[in-house]
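Work through the following exercises with the sequence and the model open side by side. Each task is followed by a solution that goes step by step.

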Amino acid sequence: MLSASEIRQKFLEFFRKEGHAIVPSSSLIPSDPSGLLTTARMQQFKKYYTGEADPMADFGSKSTVSVQKCLRTSDIDEVGDDTHLTFFEMLGNFSFGGYGKEKAIGYAHTFITEELGLPISFVTFYQGGPGVPRDDESEKYWKALGVSDVREAGADVFWGPTGISGPCGPTTEIYCKNASGEDVEIWNIVFNEYFCDSSREKLDRGEAKLSKLPFLGIDTGMGLERLAMVVQNKSTIFKTDVFDFILKSFPDSLTFRTQRILADHMRAVCFLVSDGVIPSNKGTGYILRRLL
């Protein structure tokens with residue numbers, strides 16, 4: 001059984017061999033001023049999708065791979081269930097005009113089914129929406145790889161932008177089963193084809209404009225904790241080795257849900273503090289204060 005550390009290393013090494021430059025995690029405090037926190041791996045790379053920066057000059061490659069620490073409070077009410085966290089690690093491979101949908105889907109299929117030996121339960125692709133066509137390519141590539149359950153989906157498989165504007169596009173998701181036989185989304189492959197001039201909220205209300213980016217960008221995200229749950233055949237992320245040492249420190253008198261929430265918030269607090277955040281009544285300091 002692979003540990004979370006071994007999964008991390010296996011992922012980085014797989015994509016390094018495929019010509020991706022390994023890029024270290026950035027801070028939880030993003031350089032992008034439109035966001036309070038690093039909520040997705042691609043935030044560090046936004047300028048490469050828009051053509052404002054040159055990946056060849058900075059990384060020596062048009063493709064990168066990383067394990068990014070992320071923090072989201074949008075799902076905080078669901079923390080304590082089997083799959084949701086505020087702090088988590090995001091495995092991701094990225095390409096800035098280096099390769100397209102077919103190769104991105106092929107890499108994901110190979111890593112999941114061959115490197116990890118996991119069966120894919122089903123995958124999704126975007127059914128299309130205002131100004132964005134149906135993603136027939138992704139459907140075709142998955143079926144060509146032998147995935148029989150390929151499902152059309154709506155707005156949930158159109159990602160972004162992060163912050164008040166930025167790259168965005170249709171996605172394809174990969175689902176695998178956990179030890180309880182439940183289908184869990186583990187990997188989301190985003191095809192950054194568009195630039196949105198406003199927030200996701202405004203985009204959903206039809207108040208934002210989409211324009212084509214100069215090239216197709218690949219942006220993937222796979223939660224390490226969810227992947228570990230599937231690889232280690234557990235029914236919840238909190239039974240993986242990621243959380244084992246934390247949960248052992250709690251008294252049995254606490255309910256398992258309470259233990260889960262405490263474990264999640266403790267990790268989030270530690271990583272925020274390590275990135276220089278201190279409790280306050282505004283911004284990231286307020287988020288830290290509320291978590292405490």
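A residue is called buried when its relative accessible area is under 20%, exposed when over 50%, and partly exposed in between (1.4 Å probe, protein chains only). The model is predicted, so local features need pLDDT of at least 70 and side-chain atom pairs count only at pLDDT 80 or more, whereas totals for chains, interfaces and linings use all residues. Residues are numbered from 1 along each chain as its sequence is written, and side-chain values use heavy atoms, with hydrogens and water left out.

**Exercise 1.** Determine which residue forms a salt bridge with Asp-82, and where the two partners lie.

Solution. Begin with the criterion, which asks for a side-chain nitrogen of Lys or Arg within 4 Å of a carboxyl oxygen of Asp or Glu. Asp-82 meets it with Arg-260, their closest N and O atoms being 3.1 Å apart. Next, place the partners: Asp-82 is in the loop between β2 (63-71) and β3 (87-96), and Arg-260 is in helix α9, so that the pair links distant parts of the chain, 178 residues apart; helices (H or I, at least four residues) and strands (E, at least two) are DSSP runs, numbered from the N terminus. Finally, compare accessibility: Arg-260 is buried at 9%, while Asp-82 is partly exposed at 26%.

**Exercise 2.** Describe how Arg-200 and Asp-204 are placed in helix α6 and how their side chains meet.

Solution. The two residues stand 4 apart in α6 (residues 200-204), and are therefore separated by about one helical turn. Their side chains form a salt bridge with an N to O distance of 2.8 Å. Arg-200 is buried at 18% relative accessibility, whereas Asp-204 is exposed at 54%.

**Exercise 3.** Identify the buried residues of α10 and the helix against which they pack.

Solution. In α10 (residues 283-291), the buried residues are Thr-284, Gly-285, Ile-287, Leu-288 and Leu-291. Viewed down the helix axis, they fall within an arc of 160° (taken from the directions from the axis to the C-beta atoms), and so they line one face of α10. These buried residues pack against α9 (256-274), where contact means heavy atoms within 4.5 Å.

**Exercise 4.** Explain why Cys-168 is not bonded to the closest cysteine sulfur.

Solution. A disulfide requires a pair of cysteine sulfur atoms within 2.5 Å. The closest cysteine sulfur to that of Cys-168 belongs to Cys-196 and is 5.1 Å away, which is too far for a bond. Cys-168 is buried, at 0% relative accessibility. The structure holds 0 disulfides.
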